[in-house]
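Thanks, everyone. I'll take a few minutes on how the helices pack in this one, and then the core. Here it is on the screen.

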Amino acid sequence: PISRADLMSWGPGAHGSTYGGNPVSCAAALATLDLVEGGLMAHAETVGERFTAGLRAIAAEHPETIREVRGRGLMIGMGMRDHDTSVAFEMAAFRRGLLVLSCGDDAVRMAPPLVLREDQVDTALAHIRETVAEVARA
């Protein structure tokens, strides 16, 4: 239990906080923690290492476009040449069906779901390789 029952029993309309907990979201949070601790975190680390290694190989092919690859698990960032390059990469990736987010001064962030499979990493890397090549030519 997250809290005493008398604190979690609310009448209709009594719960008005965007960020406050409720029994359903608390149950979902506990179920998520069980999944993460039950192997999902280890899976994300393994698949994230594959993704990061693939991105570093692409960066080595295009050092003028990608300055660095960094991350932990499946929260991965690529430092690009500059802000315009990160935005161009984001748009070109989107046209290929890959959702990434330019962020900060010159970075692109990728945060795929923790259930990402290795074959999906390989597909993403193929799209990223094509996208980087397109952006490098521009």
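Helix 2 and helix 4 cross with right-handed geometry; right-handed means that the near helix is turned clockwise from the far one by less than a right angle, and left-handed that it is turned anticlockwise. This is a predicted model, in which local features need pLDDT of at least 70, side-chain atom pairs count only at pLDDT 80 or more, and totals for chains, interfaces and linings use all residues. Residues are numbered from 1 along each chain as its sequence is written, and side-chain values use heavy atoms, with hydrogens and water left out. Helices (H or I, at least four residues) and strands (E, at least two) are DSSP runs, numbered from the N terminus.

The axes of helix 2 and helix 4 are 10 Å apart, at an angle of about 20°. Axes here are lines fitted to C-alpha atoms, for helices over the stretch in contact, with angles from 0 to 180 degrees between N-to-C directions. Helix 2 is therefore roughly parallel to helix 4 (under 35 degrees is roughly parallel, over 145 roughly antiparallel, 65 to 115 roughly perpendicular, the rest oblique).

From helix 2, the contact (heavy atoms within 4.5 Å) includes Arg50, Phe51 and Leu55; from helix 4, Leu125, Ile128 and Val132 are among the residues involved.

Now the other pair. Helix 3, residues 83–95, and helix 4, residues 118–137, have axes that come within 9 Å and cross at roughly 130°. That makes helix 3 oblique to helix 4. The crossing of helix 3 and helix 4 is again right-handed. Thr85, Phe89 and Arg95 are among the helix 3 residues in this contact, and helix 4 contributes residues including Ile128, Thr131 and Val135.

What does Thr85 touch? Leaving out residues up to four places away in sequence, Thr85 touches Thr65, Met80 and Val135. Thr85 is buried, at 4% relative accessible area (buried is under 20%, exposed over 50%, partly exposed in between, with a 1.4 Å probe and protein chains only).

Last, the core. The largest nonpolar core, meaning buried Ala, Val, Leu, Ile, Met, Phe, Trp, Tyr and Cys residues joined through side-chain atoms within 4.5 Å, has 26 residues. Phe51, Phe89 and Ile128 are among those with the most contacts inside it. Helix 2, helix 3, helix 4 and strand 1 are among the elements that each supply at least two residues of this core. With the same sequence exclusion, Phe89 touches residues including Met78, Val108 and Ile128.
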